[in-house]
Every structure is written in structure tokens, then in C-alpha cells.
Amino acid sequence: MKKLVVVFLVLFSINTFSQKFEGLAETPPLGWNSWNTFATDINEELVKGIADKFIELGLKDAGYEYIVLDDGWMAKERDANGNLVADPIKFPSGMKALADYIHSKGLKFGIYNCAGSKTCGGYPGSRGFEYQDARLYASWDVDYLKYDWCNTEKLNAEGAYMTMRDALKKAGRPIVFSICEWGDNEPWKWAKDVGHSWRATGDIINCWDCEIGHGSWSSKGVWKIINLREDLRKFAGPGHWNDYDMMEVGNGMTDAEDRSHFAMWSMLASPLIMGNDLRTASKETIKTLANKEVIAVNQDKLGIQGFRYSNENNFEIWLKPLENDAWAMTFVNMSDATKRIDFDWMKHGFGDDLNGKWVDLKQQKFNIRDLYNHKNIGDTASNLKAEIGSHDVLMLKLVKK
Ligand code: GAL
């Protein structure tokens, strides 16, 4: 009997301390991260200003929640007790005060560190300090941790991320765990029970389809990322998402390209983490980012990642099954010129074998909603005719009649 009790207690404690926090990120996280625009040039006034803009620009109202500080928030050395310290010049009031400010706006606070000995920017990493760092984040009321993969030498990725997961669990505060190991060790195969999302690739860059080499790795434009990792959909679902990286909307592509980028990240059920300077963003950029109808596709409760339906004549067509037998459908004009579509529904059917969803469009009719123009545009009884500008998108929601 005694033995049984011991076995039970051991199993119970393993179960208690070695699982990720459940019930978080049931839909893809929505937020902002400092890296794409500011790199390590961050400070508390900037971050507070961003929090203010979440409210002023209607981004909180649209669902954005997390404000995440990326690399560069720390002092270069830990203190005498081995604790991480906020950079005293950039963040003179400290992290708890910043978290309090962000929470006072009804938002959530995210922070960054790395599984290696140092972060990519050369600040102290968490290797060997995982439990201590997790306790510190919990004491600062952190809600989200992005955990990078620089300077990890021969560390085993799954093991290293499990250690941090366990440390966060032990610290007791529910913290979304965002894995950032660039897809090198195929985290989609092992991270479902480790984190709430995992980066699928190396870093994004603000271009439509370019790739820029940096020696051992390269940064990739929007379509390079999509094409590299379009096959991961079966690994995504509520609480565990493929992360296609922080967005470049508002960072120099055309408005049309930004709309397509945003539509695609929504179709892919990726976390929607803004990466632009919200204080100087144009009206058009905010219109794209705050589009609730597009965000609703990303946030659909089924949590099914979309898939490429076809790629012909310079048109990409993507589908994403939604709740109530609805579908999101996105046409992207990949060409350099405006193009017309004349889409005959009767010649098409939809099929998602993975989720057992099939539609015979001859039998089943749908009403069509245009999600960027916020208009109902008829139904699938007659051909869909539209003009789509270069690199622009027509994003639809099809609602069963
Ligand atoms: C990279 C990561 C970026 C950013 C950067 C910070 O490894 O992919 O998103 O966090 O490190 O140094």
C-alpha cells in the first residue's frame, strides 16, 4: 500500500510539474513585438507609447493583447545573486513597473530570452538559470515568453525547451511559451506539449518574395516563408500553433502586399504579432491590422490551419475551414499587373481530407462576404468576377445558405 502511495505521488508530481500550461493560446496569440522595427534599441517610453497606441488605434478592441519585448531589454550581466536585471538606462523603472503599466491598459506583457548561454544579441541567456529566470518572470507578472535558440552549442532542442517549460510551470504563473528555434529541429514534431507556438523558419524580412543570405542562415520574405513551410498544417491546433514569424505589415511593402501578408498569416492560423512602429503607422496600415473580419478568420475556434487550393495563372487560392461549415477563401494576385478573375463555382469542389470536410459546390450554395471591403457580394450560384491589383488579395468568407 505504502509503495502504491509513493508511486501515485511520484506520478502526480511528474504530471503536475512537467506539462505546459493548458488553456492558453486556444486561438493564435495577437500582439506586438519590438524586434522587426527596433532590434535592441528599445526603452520603456517606447513600449508604454505602444501600449497607449493599442487603445487609441482600436487595436486592443480588435483583439490584440500581448506587448512583447524582444532581445535587448537586459543589462549585460546578471546581478550578484544571478538574477537578470533590466537595462537601467533603457528601463529605469524596471520590468515590474512596465508590466503594471501594460496591465493597467488591460493588455498582457511578454518578454524574451534564449535557451543558450547568451541571447542572439549577446545578453545573458537562460542556460543553467531556467528555474531562477522563470521565477523572476512570474514575480514581474510576465504573461508570455519568447524563447530563442542562439548560443546553444550541442544542446538538445526538445530537452532545452522542456526544461524551460517545466520551469515556467513550477513558477506557477500561466505564461504563454513561444518557442523560437527557427524550425531547425522540426519543433512541430515534438513541441505540441512543450510550447504554445513554435517558429517555423528563420527571420522574416520586409519583402514579398526575396531571400537575403547572412552566411549560415538567410532571412526570408513573405512568400519564401509560406512556400518553405506550407506543409505543417496538421501540426497546428488550439494551444499549439505554427508561428510564421512577427509580421512586416507597415514596414515598407506596398499596402496591397501588406493586405496579402496579413490575409495569409490569418489563413495560416499563425500568431498575429505586429512588428511595426504603431506610433507612426499610416491609416492604411492600421486599417489592415485592425480588420476584425480578417482577424476573425485567424481566430476561428476550430483552429484549423488553411491550405493551398490551387496555384494557377499567377493566382494563389487558399482555403481555411471555419466554424459552422463556413470557409475562408483567399485569392492572391501574384503577378505584376492587375488581373481579372472569373471563377466558376460549378467547376470546383472543396476538400480538406485532414479534417474530413468536403463540399460539392453544385449541391451546396454559400453567401459570399468580402472581408477587406466589408461587403456581401452575392452567392456561389453565379460566377465570381473581380479585379485584383498586383500582389493584392480578395479575401472571402463563404457562409452556408
Ligand atoms: C532571432 C529571432 C528574432 C529575434 C532575434 C533577437 O534569433 O529569430 O525573432 O528574436 O533573434 O536577437
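**Pockets, a cavity and a ligand**

Hi everyone, let's start with the ligand: around it sit Trp 35, Asp 70, Asp 71, Tyr 112, Cys 120, Lys 146, Asp 148, Cys 180, Trp 182, Arg 199, Asp 203 and Met 246. Please keep in mind that this is a predicted model.

Which side chains have a polar atom 2.7 Å from a ligand oxygen? One belongs to Asp 70, where a polar side-chain atom is 2.7 Å from an oxygen atom of the ligand. Lys 146 also places a polar side-chain atom 2.7 Å from a ligand oxygen. For Trp 182, an N or O atom in the side chain is 3.0 Å from an oxygen atom of the ligand. And how much of the ligand does the protein bury? On its own the ligand exposes 310 Å², and the protein buries 95% of that.

Now to the open spaces. The largest pocket has a volume of about 430 Å³. Its lining is made of 23 residues, and those nearest the centre are Trp 182, Arg 199, Gly 202, Asp 203 and Trp 217. You have already heard some of these names: Trp 182, Arg 199 and Asp 203 are among the residues around the ligand. Two strands to look for are β4 (144–148) and β8 (218–220), each of which supplies at least two lining residues to this largest pocket. Sorted by class, the lining of the largest pocket holds ten charged, nine nonpolar and four polar residues.

On to the second largest pocket, with about 370 Å³ of space. It is lined by 20 residues, and closest to its centre are Arg 259, Asp 370, Tyr 372, Asn 373 and Val 393. Where does this pocket lie? Domain 1 (21–298) and domain 2 (307–400) both give residues to its lining, so the second largest pocket lies between them. At least two lining residues come from each of α9 (283–289), β18 (375–379), β19 (384–388) and β20 (393–400). Of these, β19 gives the most, with four residues. By class, eight residues of this lining are charged, seven nonpolar and five polar.

Last stop, the closed space. How many cavities of 30 Å³ or more turn up in the whole structure? The search finds one. The largest cavity holds about 80 Å³ of space. Its lining includes Asn 33, Val 68, Tyr 144, Ser 178 and Asp 243. Also in that lining are Lys 146, Cys 180, Arg 199 and Met 246, names we met around the ligand. The classes here are six nonpolar, four charged and two polar residues.

If you want one residue to click on as you explore, try Lys 146: it lines the largest cavity and has that 2.7 Å polar contact with a ligand oxygen. Thanks for listening!

Technical notes: Residues numbered from 1 in each chain as written. Predicted model: local features only at pLDDT ≥ 70, side-chain atom pairs only at ≥ 80, totals over all residues. Heavy atoms only, no water. 1 Å grid on protein atoms, 1.4 Å probe; cavity = no way out; pocket = protein on both sides within 12 Å on 5 of 7 lines; lining within 4 Å. Points joined across faces, edges and corners; volume = space filled by probe spheres on them. Nonpolar A, V, L, I, M, F, W, Y, C, P; charged D, E, K, R; others polar. Domains from an automatic or database assignment. Near = heavy atom within 4 Å. Polar contact = N/O pair within 3.5 Å; in protein donor to acceptor, adjacent residues only side chain to side chain. Areas by Shrake-Rupley, 256 points an atom, 1.4 Å probe, with all protein chains shown as cover.
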